[in-house]
Every structure is written in C-alpha cells, then in structure tokens.
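Please open the structure in your viewer and keep the selection tool at hand. We will go from stop to stop, picking something out each time and saying what is there.

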Amino acid sequence: MKHQILFIWKVEKNLQQHLTEELKDCNVDLIFPEKSDENFFLEMAPRIDVIVGWRASIELINKAVNLKLLINPGAGVYILKDRFALLKDKNIVLVNGHGNAYYTAQHIVAMLLSVCNKITPHHQWMLEGKWRLGDKEAKSLPLKSRKIGLLGYGHINKYVHQFLAPFQSEFHILRKKDSKELEYDYPSKVTSYTISSKEEFLQKVDVLIIAMPLTKATENFIDAKELKLLGENGIVINAGRGKIVNEEALYNALKNKDIDCAAIDVWYDYKPEPDEADRKFPYQHPFYELDNILLSPHRAASPMDSLDRWNDVIENIKRCADGKTEFLNVVDFEEGY
C-alpha cells in the first residue's frame with residue numbers, strides 16, 4: 001500500500017512537477033490540494049502517513065491517526081512549540097528543513113560586507129549627487145583584522161565560516177555542544193566555546209553573527225550586558241530570530257554607539273499596524289532613525305522558488321516510504337529545535 005503524503009498549502013506547479021519527478025520511483029501518493037483548505041486536510045487526515053507544510057493544526061494532527069512524520073519545510077519550528085507534547089505523545093517525528101542554509105549564509109555575508117564597506121551610505125550620497133565623499137564620512141572596516149564570533153554552528157553558520165575563511169579573519173564559535181571535536185578545512189584560527197563561556201566569547205569577538213534557533217533558552221540571549229561586552233567596535237549580524245537579541249538593548253546600543261553597527265534580517269513584530277503615514281515597521285523602537293543599521297525584511301532565504309531547497313524534504317519522504325525510522329533534521333522536543 002502506498003504511503004500518503006499530504007501537502008497543506010497550494011503547491012506551485014513547478015514544485016509539484018519537481019517533487020513528482022524526484023519521487024516517481026517511491027511507493028507514495030502525493031496529495032496536492034487545489035487550495036489551502038483546512039476542511040479538505042481534515043477529511044484526508046485519517047489516511048495520511050506524512051504531512052508536509054507549515055503550522056499543521058492541532059486538530060489535523062489529532063485526526064491524522066496514521067501520521068508517522070511531520071515535515072516543516074523551514075528551519076524555524078518555534079511556532080509549533082505548543083504541538084510538541086502532542087507530537088511526542090503520538091510518537092510522530094517532527095523534522096525541519098535546512099534547504100535555505102546556503103542562501104541565508106550568502107545573505108549574512110552580503111550584509112556583513114555591506115556594513116563593513118559602508119555600501120548603503122555611500123550609495124545614498126551618490127543618489128543625492130554628493131560626489132565624492134570618502135573615508136572622512138564613512139570609511140571601510142577591513143575584515144582581515146576582525147575577530148568573528150559565530151553564535152550557533154548549524155547549517156547556516158557552517159556555510160558562513162566557509163565563505164568568510166579566505167578573509168583571513170580569526171573565528172570564535174559558540175554552540176551548545178563543544179566544538180573542539182569538529183574539524184575545520186580552513187586555514188584561519190578557530191577557538192570554540194560552550195554556553196557557559198558566553199562572556200569570554202563576547203569579550204574576544206568584535207563581529208557577532210547570529211544564526212541560532214529561538215527557544216526558551218535563547219530568547220534575549222543577547223541583552224544590554226552582552227552588547228557592552230562586544231564593545232564600541234562591535235558589529236551585530238542577526239539572521240537567526242529577532243528575539244534572540246533584546247530589542248530595546250539593541251536599539252540603545254546602536255543609538256548610544258556602544259557598538260559600531262548592525263545588520264538585521266529578523267524582527268520582533270511580524271504583523272505591524274500601519275502608523276499615521278501608513279508605514280509598517282516590524283519593531284517598537286525607531287531603528288529607521290539610526291544611521292548605523294542595515295535593515296533587511298527577513299529575506300535571507302531568497303530565492304524562495306529554488307527547487308534544490310527541497311532536497312532534504314525529498315530525502316525524508318523517501319526514507320519514510322522505505323520504512324526507515326531515521327530522518328534528517330529531527331527536532332528534539334526537549335531542546336526546542
């Protein structure tokens with residue numbers, strides 16, 4: 001009997017074709033809905049073996065009595081935290097996807113180079129016809145003299161490390177597990193730290209690149225104290241989750257020049273109300289008034305239509321169809337990622 005795979009959104013035609021082609025030799029039926037319809041999903045639920053999609057409802061999980069595997073195609077599973085106990089009780093495996101890791105790492109590097117080379121202010125001055133401003137107004141910051149701190153060392157920051165290694169920077173890595181057992185193929189110096197050494201880590205680095213998941217343990221992981229430790233030459237790049245860095249502390253550190261600058265792709269309010277000028281800002285503090293921040297609208301994972309980002313989803317479906325019980329990117333319900 002074929003495994004039933006339900007996709008809980010209207011899947012684009014080119015992605016349907018790609019998934020169908022890649023899974024044509026597997027013992028699966030791929031169910032692509034005509035539209036995102038919860039009633040249809042609930043009707044299908046009792047026969048489903050695998051659900052693919054974001055924000056599967058509690059009712060859907062409960063009705064999917066044969067469900068073995070829930071695939072969240074994106075990396076972030078914090079939005080599903082209220083389902084963890086239910087999934088665990090039902091012995092349903094939750095996996096996430098890291099197909100966006102390369103693109104996110106590329107965006108991180110682009111933001112870092114932009115703030116180091118002051119691309120945005122010089123671009124703006126050129127638009128204003130201010131020819132030709134230079135180091136006096138905004139000088140570049142060479143990376144080769146920098147101590148780069150990678151906060152989290154999962155799929156994304158491993159790529160960041162690879163991309164930045166030729167810049168001859170010094171690298172410091174903080175992750176939950178000890179990094180000393182890892183082997184690096186890069187010539188740059190690497191020092192590893194665990195969570196208990198956070199202060200030492202921040203004292204040693206002047207570029208902080210954040211690519212870690214949001215959990216109870218990592219919310220406000222970087223606050224005013226930590227930003228002070230980074231120092232007045234410090235640069236913050238955040239492509240993890242906004243709430244890993246305390247919003248007020250970040251704003252004040254930038255406004256008061258406690259750190260040099262920041263580039264942020266992840267925010268605090270994803271349903272902002274428009275102001276009197278019909279502007280929507282995904283934060284409470286006026287970051288747009290600052291001249292030392294690069295603002296990015298949570299688009300590091302672009303291009304969203306890239307088909308190779310679905311490779312680990314396809315692999316996990318294949319494993320399930322083959323009766324395997326070991327999957328890629330399994331979420332630890334206790335850890336929250």
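What follows is a tour of some helices, a pocket and several loops in this predicted model.

**Stop 1: helix 1**

Start by selecting residues 13-22, which make up helix 1. Which residues of this helix are buried? They are L15, Q16, H18 and L19. Now turn the view so that you look down the axis of helix 1: the buried residues fall within an arc of 165 degrees, so they line one face of the helix. A general point helps here: an α-helix has 3.6 residues a turn, so residues three or four places apart point the same way. Next, colour K13 and Q17, which are exposed and sit on the face of helix 1 turned away from its buried side. To see what covers the buried residues, add strand 1 (3-7), strand 2 (28-31) and helix 11 (311-321), which are included in that cover.

**Stop 2: helix 10**

Move on to residues 247-255, helix 10. Its buried residues are E247, A249, L250, Y251, A253 and L254. Show helix 9 (224-230), strand 11 and strand 12 as well, since the cover over these buried residues includes them. Zoom in on the start of helix 10, where a side-chain oxygen of N246 comes to within 3.2 Å of the backbone nitrogen of E248. Then go to the other end: K257 follows helix 10 and has a positive phi, near 60 degrees.

**Stop 3: the second largest pocket**

Select K118, P121, A138, D291 and N292 to find the second largest pocket. The pocket holds about 530 Å³ of space, and of its 20 lining residues these five are the closest to its centre. Which elements each supply at least two residues of the lining? They are helix 5 (101-116), helix 6 (119-127), strand 11 (261-264) and strand 12 (293-295). Helix 6 gives the most, with four residues. If you colour the lining by residue type, you will find eleven nonpolar, three polar and six charged residues.

Stay with K118 for a moment. K118 lies in the loop between helix 5 and helix 6. Is K118 buried or exposed? K118 counts as buried, because its relative accessibility is 16% and the cut-off for buried is under 20%. Its phi is positive, about 55 degrees, although K118 is not a glycine.

**Stop 4: the loop between helix 6 and strand 6**

Two residues are worth a click here. The first pick is R132, in the loop between helix 6 and strand 6. The peptide bond leading from W131 to R132 is cis, with omega near 5 degrees. The next pick is S145, found in the loop between helix 6 and strand 6 (147-151). Its side chain reaches the backbone oxygen of P142 at 3.2 Å. For a sense of scale, draw a line from the C-alpha atom of S145 to that of M304: these residues are 159 apart along the chain, and the atoms are separated by 34 Å.

**Stop 5: the loop between strand 12 and helix 11**

Now select S296, which is in the loop between strand 12 and helix 11. S296 is buried, with a relative accessible area of 7%. Leaving aside residues up to four places away in sequence, S296 touches H107, M111, I264, D265 and W267. With D265 there is a polar contact: the two side chains are joined at 2.6 Å.

H298 also has its place in the loop between strand 12 and helix 11. H298 counts as partly exposed, at 36% relative accessibility. Its phi is near 50 degrees, a positive value in a residue other than glycine. Then step to P303, found in the loop between strand 12 and helix 11. The peptide bond from S302 to P303 is cis, with omega near 10 degrees.

**Stop 6: after helix 11**

For the last stop, select E335, in the segment after helix 11. E335 is partly exposed, with a relative accessible area of 32%. Which residues does E335 touch, not counting residues up to four places away in sequence? They are K176 and T215. The side chains of E335 and K176 are joined by a polar contact of 2.2 Å. As for T215, its C-alpha atom is separated from that of E335 by 7.6 Å, with the two residues 120 apart along the chain.

Notes:
Residues are numbered from 1 along each chain as its sequence is written. This is a predicted model: local features need pLDDT of at least 70, side-chain atom pairs count only at pLDDT 80 or more; totals for chains, interfaces and linings use all residues. Side-chain values use heavy atoms; hydrogens and water are left out. On a 1 Å grid over the protein atoms alone, a cavity is a set of points where a 1.4 Å probe fits but cannot get out, and a pocket is an open set with protein on both sides within 12 Å along at least five of seven lines; lining residues have an atom within 4 Å of a point. Grid points are joined across faces, edges and corners, and a volume is the space filled by probe spheres set on the points. Ala, Val, Leu, Ile, Met, Phe, Trp, Tyr, Cys and Pro count as nonpolar, Asp, Glu, Lys and Arg as charged, and the others, Gly among them, as polar. A polar contact is a pair of N or O atoms within 3.5 Å; within protein, one must be able to donate a hydrogen and the other to accept it, and residues adjacent in sequence count only if both atoms are side-chain atoms. Buried means under 20% relative accessible area, exposed over 50%, partly exposed in between (1.4 Å probe, protein chains only). The arc is that of the directions from the helix axis to the C-beta atoms. Contact means heavy atoms within 4.5 Å.
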